[in-house]
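Dear colleague,

Please find the structure below, handed over for your review. A summary of the findings follows it.

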Amino acid sequence: MLHDFPFYLIIVIVILLLIMLSNKIKVAYPVLLVLGGLAISFIPGIPVLRIDPELIFVIFLPPLLYEAAWNISWKELWRWRRIICSFAFLVVFFTAFSVALVANHFIPGFSLALGFLLGGIISPPDAVSAGAILKFVKVPRRMSSILEGESLLNDASSLIIFRFALIVVGTGQFIWQDAIASFGWMLVGGIGIGVAIGFVAMKLHKYLPTDANSDIILSLVTPYIIYIAAEEVHSSGVLAVVSGGLLLSHYRLSFLSSSSRLKGVNVWESFCFILNGLIFMFIGLDLPEIVSGLGDVSLSSAIGYGLLITAVLIVGRILCAFSAVFITLIARNFIKVADARHPGFKGPILIGWTGMRGVVSLAAALSIPVQLSDGTPFPQRNLILFITFVVILTTLLLQGLTLPYLIKKFHLKDPDYTLPDEEIYNQIKRELTDHALNHLRTTYGNELERQPVLQQIACKWEDINLNTSNSILMSDEAKVVYLNLLEHQRNWLLDRNKEEILDEEIIRKHLLYLDLEEEKLQFI
């Protein structure tokens, strides 16, 4: 390991350069990282990379899921809960079933159990790839919310299928009642453990004498504790991390200081940035070992099987997207749905085309045991690994490179937010300022007369063009008033966020500004 340390340092530098290049040419960085790793793997003398699946499941997956749960809007997640859950569970099960049938029929030596195993591995789309692509193009907020919400849950459902299929392949039997009980425990236990540990972590943040540094360290440790605790009792570690992350994110203003929130965002962005970069580079670097394990299966046949399964995934997801629209149009006659209008054909096509596969699929494939419990080689393990790699590479290149073109070509209008984000942001800012100014005058009238700095703040809020460079030092009394005003503004923003048709990202930008204002009080 120490001998190869310079190689890993070079890999990190290459990752940074490739991501800079992806930003320059506006291509999703997972695409370039996989191709870069693939190119490096052909260089003579390069150390052979052997990825430990536990490394991905335990080290990489918890923080990435936690960060995604932390950033998602709970309001949007709840609003689109039906379609998100259908894609995260029903579509994953349908995909695994379709892959199982096709693999059993067209790939020699593939039983239905092995087909379900392969389906469980490659059924969940990768959120990082879709997010990296959507960074360069604008899509309706509802579409990005659906993709983000789906990505939080589909990993759990696919890994559940994967576990059951492993048991069937290893034992040759499937007991329905045991499977249903195990499935229920994975769901209920995972969510319960995540919420319980998240609640404890929230209280630790709130009542221990922590500062920003200790808060950040505790936040980094939390997803690992949640994941390991859930997996130790055989529930879903993925659902546990997601539920714990959602809980802590929802109540972040109640237990984290402004300094902890500001510094924590920077640390988490950098941490997840390098984790994602390493994962996609590893996918490309792992090709030589995967190809070498094909054995009797020819490379051309293995590639053909991989392309066939990829086609099943793409077609199946598009069909599911149109089916979701059709079911929604029927359901609107009986229940209240998030949007009863007909979305047309463009939205379902784009949702169906965002099915790039990535890290979870690779980790699941690598975690297949080399041998069964009786010592015999695990059937078709190497071919499953290769098909998984072909699916990841093909979807990243085919869909990843064409999705931006489709989005620009379709030019979807956002049915929820007809005004530009900047206009909505400024409108909220004006309302917030008027509300805070009125609260200052009615609640702190005496302090306003005595404190010049509060008068200066009031003038700034009235948009009077004054020099507000803090030339007047703020007294302790004025700081207390200003802190109360900032907290009052936060509460007002949280109340506004309860409105269904209001982008939570805009509210979060204002909350970030209030945190910055509070942080400035340390230096004046």
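Tyr-66 and Trp-268 are both buried. Please note that the model is a predicted one.

These two residues also form a ring pair. The ring centres of Tyr-66 and Trp-268 lie 5.4 Å apart with their planes at 35°, so the pair counts as tilted. The pair joins distant parts of the chain, since Tyr-66 belongs to helix α3 (residues 53–71) and Trp-268 to helix α13 (residues 258–285), with the two positions 202 residues apart. Ring pairs further connect Tyr-66 and Trp-268 with Trp-70 and Phe-271 in a cluster. Across the whole structure, the search returned seven aromatic pairs.

A contact of another kind involves Trp-78: the charged end of Arg-81 sits over the Trp-78 ring, 4.1 Å from the ring centre.

Turning to the cysteines, the structure contains zero disulfides. Cys-320 takes part in none, and the nearest cysteine sulfur, which belongs to Cys-85, is 15 Å away. A disulfide here requires two cysteine sulfur atoms within 2.5 Å of each other, so the separation of 15 Å between the sulfurs of Cys-320 and Cys-85 does not qualify. Cys-320 has a relative accessible area of 11%. Because buried means under 20% relative accessible area, Cys-320 is classed as buried. Cys-272, at 3% relative accessibility, is likewise counted as buried.

With kind regards

Notes. Residues are numbered from 1 along each chain as its sequence is written. This is a predicted model: local features need pLDDT of at least 70, side-chain atom pairs count only at pLDDT 80 or more; totals for chains, interfaces and linings use all residues. Side-chain values use heavy atoms; hydrogens and water are left out. Buried means under 20% relative accessible area, exposed over 50%, partly exposed in between (1.4 Å probe, protein chains only). Rings of Phe, Tyr and Trp (its six-membered ring) pair if their centres lie within 6.5 Å; planes under 30 degrees apart count as stacked, over 60 as edge-to-face and the rest as tilted. Helices (H or I, at least four residues) and strands (E, at least two) are DSSP runs, numbered from the N terminus. A charge sits over a ring if NZ of Lys or CZ of Arg is within 6 Å of the ring centre and within 35 degrees of the ring normal.
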